[in-house]
Structure formats: structure tokens, C-alpha cells
Amino acid sequence: MNSTPKKAKVIVFANQKGGVAKTTTTLNLAVAFAESGYRVLCVDMDPQGNLTMSQGIDPDGLKQSMFDVLVHDLPIVDVIQKREIDIACASIDLAGAEIAMSMKIGRERSLEKAFRPIINDYDFICIDTPPSLGLLTINALTAASKVIVPVQCEYLSMRGLIQLQNTLHMIRENLNPDVEIEGILPTLMDSRTLHAKEAIEILEENFGDRVFASRIKKTVRFAEAPVKGMSVLKYEPDGMAARSYRDLAKEVLSHGIR
């Protein structure tokens, strides 16, 4: 007797603050999962299209993108391209999606609905979100089972995390009772500074074991790899940055997320 295929675990990378290595983390953790033999889809929900570009795809050259999936119910397979991982691409059109969707019934569930035909085709779906808590991020959180929150250690914004928690609370009450924070990931860390150490202490005081043991240190490789259209795991496989994302993948998997 055939067992029912497992549904993909949907992980959203969210923080309404920009510049916290959200796109970097979405791509590199996804590639680390793929290296371990998992089937992975990345979904670019940011109108800036940085995730799309970081796999060497020009967002301006796309005829169809996540905008068409969300607004016109185009099947998501029509905007997936195969690179290091499968990637559902974004273009600048996505900036108009919130207005275009405003009259749509069930607009918060457009992404969840788009995933239904492909949910058994992948082990993980990793979603990059824009630096805001608008309708695109709400769609991602409504479709997700877990949230990973990358947080920059230089100037730790506790207020930002509290806002995100409030949004999650609202989504649990109204749209998706099962979504929860998988972990908070300290990124862009300069371990030589006292400020970074203090920031980690504040995080751990407030969030305890929800703070990942993995730390993503600051390195120029994170700027270089996307220019070449690849992850740091491909760009410098034996480097510190690649290792830290492999460690994070192990940590996420050890939480029993599959």
C-alpha cells in the first residue's frame, strides 16, 4: 500500500527590517537542504527580486512572475525555474500586487492556494519576504508552518521582533493557527565587537532557546556570491559562510522539522 506523500514544510524568512540577510539566509539554507538530498523550492515574494537575481535570473526579463500567480491565479509551476534549487521568480510587478489583490476575496490565502498542486512535490518550500508586514508577507505567513527570523546583531531591533510577534498572533487567530517561530537567527555578526555579544545576550534573555545556536558572521562572500548568480555554498564551498549555513540546516533538521 502506498503511503501518502509528505507535504512540504513551508518556512518563511521574515523581518520587517531590511538589510538583515533575509535573502542570503533563504537561499543558502535552501541550498544546504538540497545538498542533504531534500527537494527544495524557493519562492521570491519580494518585489526587489533579490532572491531571483541571486540565482542569475534577470527579474526584468521575466514574462510571468509571482505577481501573476497571486493576482491572476497563474499556476506556480509556470514561474518556477531550475537553478541550484527550484525558484519561483519575482519581478518589480510584485510591488503592485497588494493593490491589485485588495478587492480579491480570500486575498490573504492566494499563496497558500497556489501551493496546493505542488505541496507534495517538495520537502521544503522556503519563502523570502519583503521588509514589511504588508499583504505579501501576510500571504507567506498564512501559507507557512514555520518562521525563521534573521536578526542583525549590530543594532538589534527588539521592537521589530515584537511587531512581528504581534502580526503572527493576529495570523494565528484569524488565518493560520499552526504557524510558529522556528527560531531567531543572529546574522551579520562581527564577533569582535562587544555590541554584538551584548545583542546576543539580549536576544537570549528575551527568546531563550528559540535563538539558534548557529551564528552567521559578516563576510564579503555574501556580497560576492549573488553577483555571480550563485549561493555561497557553490561560490566558496569550504568557506566559513557555507559551513555556517550547513550547520544551520543541521540544527533546523534536528528540531524534527521533517
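How many residues does α11 have, and how far does the helix reach from its first C-alpha to its last? In this predicted model, α11 has 15 residues and reaches 21 Å between those two atoms, which is close to the 21 Å expected at 1.5 Å a residue. The buried residues of this helix are Ala241, Ala242, Ser244, Tyr245, Leu248, Ala249, Glu251 and Val252. A general feature of helices is useful when reading such a list: an α-helix has 3.6 residues a turn, so residues three or four places apart point the same way. The buried residues of α11 pack against several other elements, namely α1, β6, β7, α9 and α10 (232-235). Just after the helix, glycine 256 takes a positive phi of about 75°.

The strands form an open sheet of 7 members with mixed pairing, arranged in the order β3-β4-β2-β5-β1-β6-β7. The strands β3 (80-82) and β7 (180-187) stand at the edges, and each has a single partner strand, so one side of each is left without a neighbour in the sheet. From one strand to the next, the twist averages 25°. Within this arrangement, strand β1 (residues 9-13) is mostly covered, with 4 of its 5 residues buried. Strand β1 is joined to β5 by 5 bridges, and these two strands run parallel; it is also joined to strand β6 (residues 146-152) by 3 bridges, again in a parallel pairing. At the level of single residues, isoleucine 11 has cysteine 126 as its bridge partner in β5, while phenylalanine 13 stands opposite aspartate 128 in β5 and opposite isoleucine 148 in β6.

Aromatic contacts were examined next. A pair of aromatic rings is described by the distance of the centres and the angle of the planes. The structure holds 4 aromatic pairs. In one of these, the rings of phenylalanine 33 and phenylalanine 124 have their centres 4.1 Å apart and their planes at 10°, so the pair is stacked. This pair links distant parts of the chain, since phenylalanine 33 belongs to helix α1 (residues 22-35) and phenylalanine 124 to strand β5 (residues 124-128), 91 residues apart. Phenylalanine 33 counts as buried because its relative accessibility is 0%, and phenylalanine 124, also at 0% relative accessibility, counts as buried too. A second pair is formed by phenylalanine 222 and tyrosine 245, whose ring centres are 5.9 Å apart and whose planes stand at 80°, so the pair is edge-to-face. Phenylalanine 222 lies in helix α9 (residues 221-227) and tyrosine 245 in helix α11 (residues 240-254), so this pair ties together parts that are 23 residues apart in sequence. Both phenylalanine 222 and tyrosine 245 are buried. In addition, ring pairs link Phe33, Tyr38 and Phe124 into a cluster.

The backbone was also considered for positive phi values. Most residues other than glycine have a negative phi, and most peptide bonds are trans. Aspartate 73 has a positive phi, near 60°, although this residue is not glycine, and it lies in the loop between α3 (66-72) and β3. With a relative accessible area of 43%, aspartate 73 is partly exposed. Leucine 188, likewise a residue other than glycine, has a positive phi near 50° and is found in the loop between β7 and α8 (194-207). Leucine 188 has a relative accessible area of 16%, and this residue is therefore buried, the limit for a buried residue being under 20%.

Terms used. Residues numbered from 1 in each chain as written. Predicted model: local features only at pLDDT ≥ 70, side-chain atom pairs only at ≥ 80, totals over all residues. Heavy atoms only, no water. Phe/Tyr/Trp six-rings, centres within 6.5 Å; stacked < 30°, edge-to-face > 60°. Buried < 20%, exposed > 50% of the residue type's maximum accessible area, 1.4 Å probe, protein only. Pairing = 2+ DSSP bridges. Axes fitted to C-alpha atoms, helices over the stretch in contact; angles between N-to-C directions. Expected span 1.5 Å × (residues − 1). Contact = heavy atoms within 4.5 Å.
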